[in-house]
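User: Got a model here that I'd like to talk through. Can you walk me through some of its helix packing?

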Amino acid sequence: MMKPLILIPSLLLTAALAGAAAFPLALAEPSLSVPIPPQPPVGARLLNREIKPLRPHATPAADTALAQRIAAQGSASAEDQQILRGAYLARAGDCVACHTSKGGAPFAGGLALASPIGAIYSTNITPDKQHGIGDWSYEDFARLMRTGVTKAGYTVYPAMPYPSYSRLTDEDMQALYAYFSKAVPPSAQENRANDIPWPLSMRWPLALWRKVFAPTPAPYTPAAGSDQELARGAYLVEGLGHCGSCHSPRAVTMQEKALKEDGGRLFLSGGQVVDGWSVPSLRNEHGGGIAGWSQADLVEFLRTGRNQYTASFGAMNDVIEDSMQYMSDADLNAMARYLLSLPPRQQAAPYRYDPATAQAAYDGRPDGPGARIYLDRCAACHRSNGTGYGKAFPALAGNPVLQTSDATSAIRIILQGGRQPSTASATAGLVMAPYAQLLDDQQVAEVTSYIQTAWGNRGATTTAAEVAKVRKTAVPVAERAP
């Protein structure tokens with residue numbers, strides 16, 4: 001794989017940059033301070049040359065041996081088809097992201113999951129009989145997935161989204177079990193003890209939590225006469241995809257305030273901070289949601305982590321790389337259509353581009369220290385008018401990440417840098433280098449406040465104290481391994 005380019009003079013307010021090394025950029029005017037763009041959609045003038053869309057993946061092979069056996073046979077047996085279905089569902093559920101430690105065997109566990117009470121380590125779910133689930137029956141497996149209760153009888157922490165998985169159909173649950181029990185290579189990796197101090201480490205309160213907050217397990221059943229595509233999207237988003245685990249707000253007792261769309265409009269309304277990133281709304285709303293996106297825009301984002309409006313960041317990069325890029329066109333379109341069907345929770349006005357900021361920069365009269373830092377450090381990639389360069393250097397003007405009252409993600413990406421996911425349709429992940437060593441807390445606050453409010457953006461300003469808080473946990477982005 002091509003070694004990614006490190007971009008020092010860039011301020012990227014999304015997780016990273018698209019594959020410009022693989023797909024040349026369209027050229028702009030010679031000056032980076034270009035004329036004021038037309039009204040939205042912002043950034044439409046300078047899109048990358050269109051790349052070949054990622055072909056829908058068939059259900060990915062569970063392992064090489066299975067793929068070779070099917071190829072030799074010329075057709076898949078009923079058992080092989082079930083395993084292949086399970087492999088696809090495991091992709092759709094992004095099981096590998098949590099159950100694989102960095103550099104570890106797939107599904108062997110050991111990844112630290114942050115929680116308010118300490119680190120929770122994911123468990124080994126390979127078919128190893130001593131450390132994994134090799135001696136689990138289908139009933140044991142289904143019980144865990146639907147109720148959070150292990151074969152040993154204790155309740156797992158709700159870091160495992162069993163409230164969402166409880167909606168899986170029997171057919172899909174059996175396919176997942178077939179995949180994990182028959183096709184995943186076993187690993188003898190031992191499970192790690194959680195870093196949760198006593199008495200918080202006691203398990204019996206988890207059983208009480210489950211009884212109070214977890215739903216009664218029941219396969220998802222669409223209402224009579226439901227649109228089949230919308231129903232499929234709801235099943236994937238609310239169930240196996242467990243999108244609400246991050247994108248729905250949680251109560252002080254840590255349960256999701258809504259597990260499905262129930263009219264309260266809390267489901268997928270965002271607003272919380274997960275792993276140091278503020279989580280955006282996935283509802284069809286302005287002011288930080290996905291209003292104004294077409295279904296094709298949303299499918300493109302889910303598959304590649306980028307579109308003309310924004311780019312992914314934080315844990316969403318792993319979701320794109322490990323899960324979404326492998327999903328079929330039909331499933332991605334079903335999910336996108338369902339998300340776009342969710343009515344707004346907040347009644348924010350649509351974004352409108354304001355040329356005053358760009359005109360001031362173009363005239364050589366930047367407004368304040370934040371504007372001067374932006375022109376010095378960021379405009380080379382994101383342009384003085386904030387429209388960026390297509391999907392390689394995402395637009396900041398109108399970017400949904402910059403339209404909310406929480407500037408956490410904007411601060412973090414400036415401090416620690418980031419990258420966009422590398423997928424089959426955009427393989428070169430350009431990396432934005434961190435600014436933590438170049439800008440102090442006050443400077444980061446000034447440039448963050450500038451980009452949150454420039455070009456018509458309606459985000460909140462921030463302070464040096466808020467930057468200092470984020471800096472404590474900011475880890476510089478690592479160059480992607482070749």
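Analyst: Sure, here are some questions and answers on helix contacts and buried residues; bear in mind that this is a predicted model.

User: How are α2 and α6 oriented where they cross: roughly parallel, roughly antiparallel, roughly perpendicular or oblique?

Analyst: Two packed helices are described by the angle and the distance between their axes. For α2 (residues 78–92) and α6 (residues 170–182), the axes come within 7 Å and cross at roughly 95°. Angles of 65 to 115 degrees count as roughly perpendicular, so α2 and α6 are roughly perpendicular.

User: How many nonpolar residues does the contact of α2 with α6 have?

Analyst: On the α2 side, the residues include Ile83, Ala87 and Leu89, and they meet a set in α6 that includes Leu176, Tyr179 and Phe180. Charged residues such as Glu79 and Arg85 in α2 and Lys182 in α6 are there too. By class, the contact has 5 charged and 3 polar residues, and the nonpolar count is 9.

User: Within what arc do the buried residues of α14 fall?

Analyst: Helix α14 (residues 369–377) buries Gly370, Ala371, Ile373 and Tyr374. What covers them includes α15 (379–382) and α17 (441–453). Seen down the axis, these buried residues line one face of the helix, because they fall within an arc of 160°.

User: Is Ile414 buried or exposed?

Analyst: Ile414 sits in helix α16 (residues 408–416). Its C-alpha atom is 8.6 Å from that of Ala433, 19 residues apart along the chain. The cut-off for burial is under 20% relative accessible area, and Ile414 has 0%, so it is buried.

Notes
Residues numbered from 1 in each chain as written. Predicted model: local features only at pLDDT ≥ 70, side-chain atom pairs only at ≥ 80, totals over all residues. Heavy atoms only, no water. Axes fitted to C-alpha atoms, helices over the stretch in contact; angles between N-to-C directions. Helix = DSSP H or I, 4+ residues; strand = E, 2+ residues; numbered from the N terminus. Parallel < 35°, antiparallel > 145°, perpendicular 65-115°, else oblique. Contact = heavy atoms within 4.5 Å. Buried < 20%, exposed > 50% of the residue type's maximum accessible area, 1.4 Å probe, protein only. Arc of directions from axis to C-beta.
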